[in-house]
Amino acid sequence: MKNGNTTSYFILLGLFNHTEAKLFLFVIVVTTSFASLVGNAFMIFLIHQDARLHTPMYFLLSQLSLMDMMLVSTIVPKMVTDYLTGEKFISPAGCGLQIFFFITLGGGECFLLAAMSYDRYVAVCHPLRYPILMNWQLCLRMTLGSWVLGAADGLMQAAATLSFPFCDAHEINHFFCEAPTLVRLACADTFVFEYVMYICCVLMLLVPFSLILISYSLILAAILQMRFREARTKAFTTCSSHLSVVGLFYGAAIFTYMQPKSSRSAHHDKVVSVFYTIFTPILNPLIYSLRNREVKLALRKCLGQCSALSHD
């Protein structure tokens, strides 16, 4: 390696460079990404159209779908273009934008999931006080706070990552610009940055995750004390849907950003990144639609209206 220098581009090695089944995996990724965009867009449309879904819980869910749509749009189009054209170059500005939007959306989703857990805690444990404890003003503040905190972390990490001098080998063994992977190419001491990034990960991942665990522990205790089986089933079904999303998202994120550097590998990072940037977003609308009675009723109403219009 030569000394660090400025660069006009990086090279993304991509997702399929070490496998023979390139076309098959490419089709799966594109199909999954398209289905994710359609599913989350339809979820937002459904929540907007059905008056019964105009509640804080579903507003937060619509924001989750919006973040997932933007996350897929940040990563997949560039990856698809690189695969089809063979041009795998990305400018430092483009790399910085990917890091910024990825961290903004990922960090924002961490806090949004915590807000959703608080919403479920109030709905299950304090149903009579729900309109007061979970009013629209608080809901909007939590949503805005999620976006702002995510954007602040994204801006800091993007600026700090690109401030390092990079070695002559500008090849990024990934399918998008992710801060931990890009830092490996730096020709400078990155210890302080990695330590600060680790602290940020603790704040952005473990603090919301701890709040989620506390909320659902209280919810579980309340569910076990419910007398009526129907009420227990409804509460457990709704909350288990939320926990499924939380487990999928946080499990992959903690594995990527809080794993010791000595035990990290580029291949494992790519596999886990595929999981929470491409596959998890499609699971969110499926989990919430298939396990939520209100959403299924709204879906049937929408399909009924569409059927009626097609026969006119």
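Mentor: Before we start, a contact here means heavy atoms within 4.5 Å. Keep in mind, too, that this is a predicted model.

Trainee: Okay, what share of the contacts with a separation of 6 or more comes from residues 24 or more positions apart?

Mentor: Take the contacts in the protein whose partners have a separation of 6 or more. Then pick out the ones between residues 24 or more positions apart, and their share is 80%.

Trainee: How many helices and strands are there, and what pattern do they follow?

Mentor: The protein has ten helices and three strands. Read along the sequence, the pattern is β-α-α-β-α-α-α-β-α-α-α-α-α.

Trainee: Which helix gives the largest share of the largest nonpolar core?

Mentor: That core has 78 residues, and among those touching the most other members are Leu-61, Ile-172 and Tyr-250. One helix, spanning residues 92–125, supplies 13 residues of the core, and that's helix H3.

Trainee: Is H3 largely enclosed or not, and how many of its residues are buried?

Mentor: H3 reaches 49 Å from its first C-alpha to its last, close to the 50 Å expected at 1.5 Å a residue. It's largely enclosed by the rest of the structure, because the buried residues number 24 of the 34.

Trainee: Gln-98 sits somewhere in there, right? Is Gln-98 buried or exposed?

Mentor: Gln-98 is found in helix H3. Its contacts beyond four places in sequence are Thr-74, Ile-75, Lys-78, Ile-90, Phe-176 and Cys-177. Its relative accessible area is 6%, and the cut-off is under 20%, so Gln-98 is buried.

Trainee: And which cysteines does Ile-172 touch, leaving out residues up to four places away in sequence?

Mentor: Ile-172 is one of the core residues that touch the most other members. Its list includes Phe-10, Ile-11, Leu-12, Leu-13 and Leu-182. The cysteines on it are Cys-95 and Cys-177.

Trainee: Now the outside. Which helix gives the largest share of the nonpolar patch on the surface?

Mentor: The patch includes Met-156, Phe-191, Tyr-195 and Leu-218, and its accessible area together is about 1100 Å². Eleven residues of the patch come from one helix, residues 191–224, which is H7.

Trainee: How does Ile-199 count, buried, partly exposed or exposed?

Mentor: Ile-199 lies in helix H7 and belongs to the nonpolar patch. Partly exposed runs between the 20% and 50% cut-offs. Ile-199 has 36% relative accessibility, so it counts as partly exposed.

Trainee: Last one: what percentage of the whole protein is buried?

Mentor: The accessible surface comes to about 15700 Å², with 69% belonging to carbon and sulfur atoms. Of the 312 residues, the buried share is 46%.

Conventions:
Residues numbered from 1 in each chain as written. Predicted model: local features only at pLDDT ≥ 70, side-chain atom pairs only at ≥ 80, totals over all residues. Heavy atoms only, no water. Core = buried A, V, L, I, M, F, W, Y, C linked by side-chain atoms within 4.5 Å. Buried < 20%, exposed > 50% of the residue type's maximum accessible area, 1.4 Å probe, protein only. Helix = DSSP H or I, 4+ residues; strand = E, 2+ residues; numbered from the N terminus. Expected span 1.5 Å × (residues − 1). Patch = residues over 30% accessible without salt bridge, like charges linked within 9 Å, V, L, I, M, F, W, Y side chains within 5 Å. Areas by Shrake-Rupley, 256 points an atom, 1.4 Å probe, with all protein chains shown as cover. Salt bridge = Lys/Arg side-chain N within 4 Å of Asp/Glu carboxyl O.
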